[in-house]
Amino acid sequence: MKRLLLLLPFISIPIYASAQDPETFDKIYHKTFLETSQKDFKKALDIADSLYQHSSTATYQVKSLMLSASLLQQNGDLSRAVDYAEKAQEIVAKTNDYNWQARIAGFLASQYRLLKLYPKSSVYTHKAMVAAQKISNPEVANNIIGLMNQEKAYYQLGQKDYRKAIAHVHTAQQYFNRTRQDLSFMTANNEQLLGDSYQGLQLYDSALYYYRKGLSSMGASPGNFLSGLLMNGIAATYIQQGKLEEAHRWLDSAQAIADASNYLQLKNVVYETERAYAEKVKDMERLAEAQKKQDTVRNVLSDRKDSFLNHTLEHLEHNYHEAAANNSYKNILMLIAMIIIAGTLSFLIVQRRQQKVRFRKILKRTRKKE
């Protein structure tokens, strides 16, 4: 322990230096997000925290906080992810950095979409678009507007309106093509969305084309959550086509990435595909194992969403009691709005818990039959 403590000051020197140099900072940022987090999640969070502690400007502080927020979102910890994003928002609101104002609003739009709070997600999407229009650097503005169209595509995919999703993806790509910023990654992400959309439309050849194109766009990047999603898409498409041998190969590759990753959404979709494959080949042992793993992931995701909703309700109740002390017309209107939001959140929590109970009953019956 003493030896470790003696080493810590020297370990922090490279982090301190990188927190002052834009190019080095960006390299560490991307490596931590795309590589380190897939192998050692705690180490990635520690790096993000060190970058924040040693940041000398508001911009670096915001980028470090948003790195932590993005990592926590991958891990399904939405409550802490939003806390970090809101802390970053407080810092950037005092600046004229419209770039990060837009990025943070876009991030919060994604979190509320994942929570299925679509009206609030739309509010933040609009905020991000407005901030993006004020960015003087056209390359940066195009990147963010592209991201917001990508966010709209995710929303339409969730609504199963695949044609609209495809339209938003193509619009996003038009903006991404006007910038060199993370172009290969953004393009690969778009191609994954196109693959999902065409799979939803049951146009399987088109789906496979875009999934493979997405992997090609990733180039020499190591296996990360996006390559895992692309491989899983190929496997799921082959399963729907009845090509089980091809599906097996791609599923094994996707599963290896998912098992090593802390990205719970990736684990969830891969285990779902594994269940579908096991049912097709009538491998009851593999089916039971996949179901067990997916149940574990879904319970963690569900509990964390419930935790976030409960946290939001507590915050609303606190504001309610503060506003009740001032009996003005404006405060009464605010109270009514809060009550409506609180009621909606309460309904979502109760509905989620009921869904979990129903799911467990169905699973229990299925296992008895097996």
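Biologist: Why is S70 called buried?

Modeller: This is a predicted model, and in it S70 has a relative accessible area of 15%. Buried means under 20%, so S70 counts as buried. The residue sits in helix α4 (residues 58-74), and it touches F33 and F107, leaving aside residues up to four places away in sequence.

Biologist: R103 has which status, buried or exposed, and how do you know whether it has a salt bridge?

Modeller: R103, in helix α6 (residues 98-114), is buried. The nearest side chain of opposite charge, D182, is 6.0 Å away. A salt bridge needs a Lys or Arg side-chain nitrogen within 4 Å of an Asp or Glu carboxyl oxygen, so R103 has none. What R103 does touch, again not counting residues up to four places away in sequence, is N143, I144, L147 and Q181.

Biologist: How do you know whether the length of helix α7 (residues 118-133) agrees with what it should span?

Modeller: At 1.5 Å a residue, its 16 residues should span 22 Å, and the end C-alpha atoms are 23 Å apart, so the two agree.

Biologist: And what makes you say where the buried residues of α7 lie around its axis?

Modeller: Down the axis of α7, the buried residues fall within an arc of 165°, so they line one face of the helix. They are S121, Y124, T125, A128, M129, A131 and A132. Their cover includes α5 (78-92), α6 and α8 (138-158). On the other side of α7, P119, H126 and Q133 are exposed.

Note on methods:
Residues are numbered from 1 along each chain as its sequence is written. This is a predicted model: local features need pLDDT of at least 70, side-chain atom pairs count only at pLDDT 80 or more; totals for chains, interfaces and linings use all residues. Side-chain values use heavy atoms; hydrogens and water are left out. Helices (H or I, at least four residues) and strands (E, at least two) are DSSP runs, numbered from the N terminus. Buried means under 20% relative accessible area, exposed over 50%, partly exposed in between (1.4 Å probe, protein chains only). Lys and Arg count as positive and Asp and Glu as negative; His and the chain ends are not counted. Contact means heavy atoms within 4.5 Å. The expected span of a helix is 1.5 Å times one less than its number of residues. The arc is that of the directions from the helix axis to the C-beta atoms.
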